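This report describes selected surface and interior features of one protein model. The sequence and structure are shown first, and the discussion follows.

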Amino acid sequence: AVNPILIKEFGDDSLRTPKTDKADAKKIARYTLDRRANLKQYNHMDKIRSQLKTMNRQFGFYTDHKTAMKNSLIALLDQTYPGANDFFDSPARSDGSQKWVDFVHTYWHADCVRGRSPEAFAQHYQDWCRRKGYNFSAGKAETIYSRSSDLIAVFPKDNTTKMLIRQAVAMLNAASATVESLRQKIDETASALPEYPVVMAMHGVGPSLGPQLMAEIGGVTRFTHPEALTAFAGVDPGSRQSGKHEQKSVRTSKKGSPNLRKTLFRIMAGLIKRSPADDPVYAFMDKKRAQGKPYYVYMTAGANKFLRIYYGRVKEYLSTDTEADNA
């Protein structure tokens, strides 16, 4: 497996640049013949990594789809029950369901709440919590009823409005279930990789971001040095020099994998939020932040340092593991 950009930039020794399947096939063949001494055999572990990467890309696609469905539902609720999506902040369950989504499926219009007396709604809400397996709070029922009483609904409470809301809920629930099932399958597949335990032990990496990181990086042994990995991610510092002039500060190349950079950015954001005192990456970013560096500068610098540590730890772990197997 070869990075497509290497094939694209491989010289054609021709002024003509045809874009046909035949020309592409010849270009790939010339590249493999020229680089055959450096190409590695595709093995079973590479198949697992390829499958993991494909699942991760599908995970990203369905996550975007889920976000679109969520925004669509909230837009409809603004016409029937404004603010209903903010009533609860409970995390999603393992099947992807969320309390606020289940709530608006039953109470799809503000009149579904304020059309009852406070006592009748509290009883109905308690029965609903019991059926759905949620914790009941009398104070929460009072808050919901109080906030619902002051709302202005644009759409009427009729069957058409009910159909629109419940269709949007069904679409969001389907997308959420797909995302969660893929998340679990990605973690299960990643656990078969030899570097799984050492990666999962790193700060900022959890059961969601860890497998995504391994999926996008692939086998670390294919990189000859840490700079090759940072270049692959596109977080390596650029360089610009001509004659005696050498620019001090140059933007990162951003020539690598955008999906890997997105995952790294989320890991850095998690480190900033948790602020682990014993983590060298967070300490490095905090130092840059104290120096007055812009947000994206210290986040990118942190991603660069994280990848260098990742490279060193994983490669050391794999070499130790190989030696133990040989012994």
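In this predicted model, Phe59 has a relative accessibility of 6% and therefore counts as buried, the cut-off for that class being under 20% relative accessible area. The residue belongs to helix 3, which spans residues 44–80. Beyond its neighbours within four places in sequence, Phe59 makes contacts with Val179, Leu182, Arg183, Ile186 and Gln212. One of these partners, Gln212, is separated from Phe59 by 153 residues in sequence, yet the C-alpha atoms of the two are 9.3 Å apart in space.

Two patches occur on the surface. A nonpolar one consists of Val2, Leu6 and Leu39, which together have about 220 Å² of accessible area. Within this group, Leu6 is located in helix 1, residues 4–8. Its relative accessibility of 45% is between the limits of 20% and 50%, so Leu6 is classed as partly exposed.

The other patch is positive and comprises Lys40, Lys53, Arg222 and Lys315. Arg222 is situated in the loop that links helix 10 (209–217) to helix 11 (226–233). With a relative accessible area of 41%, Arg222 is also partly exposed, because this value falls between the same two limits.

The table lists the accessibility of the three residues discussed.

| Residue | Relative accessible area | Class |
|---|---|---|
| Phe59 | 6% | buried |
| Arg222 | 41% | partly exposed |
| Leu6 | 45% | partly exposed |

Notes: Residues numbered from 1 in each chain as written. Predicted model: local features only at pLDDT ≥ 70, side-chain atom pairs only at ≥ 80, totals over all residues. Heavy atoms only, no water. Patch = residues over 30% accessible without salt bridge, like charges linked within 9 Å, V, L, I, M, F, W, Y side chains within 5 Å. Areas by Shrake-Rupley, 256 points an atom, 1.4 Å probe, with all protein chains shown as cover. Salt bridge = Lys/Arg side-chain N within 4 Å of Asp/Glu carboxyl O. Lys, Arg positive; Asp, Glu negative; His and termini not counted. Charge placed at Lys NZ, Arg CZ, Asp CG, Glu CD. Helix = DSSP H or I, 4+ residues; strand = E, 2+ residues; numbered from the N terminus. Buried < 20%, exposed > 50% of the residue type's maximum accessible area, 1.4 Å probe, protein only. Contact = heavy atoms within 4.5 Å.
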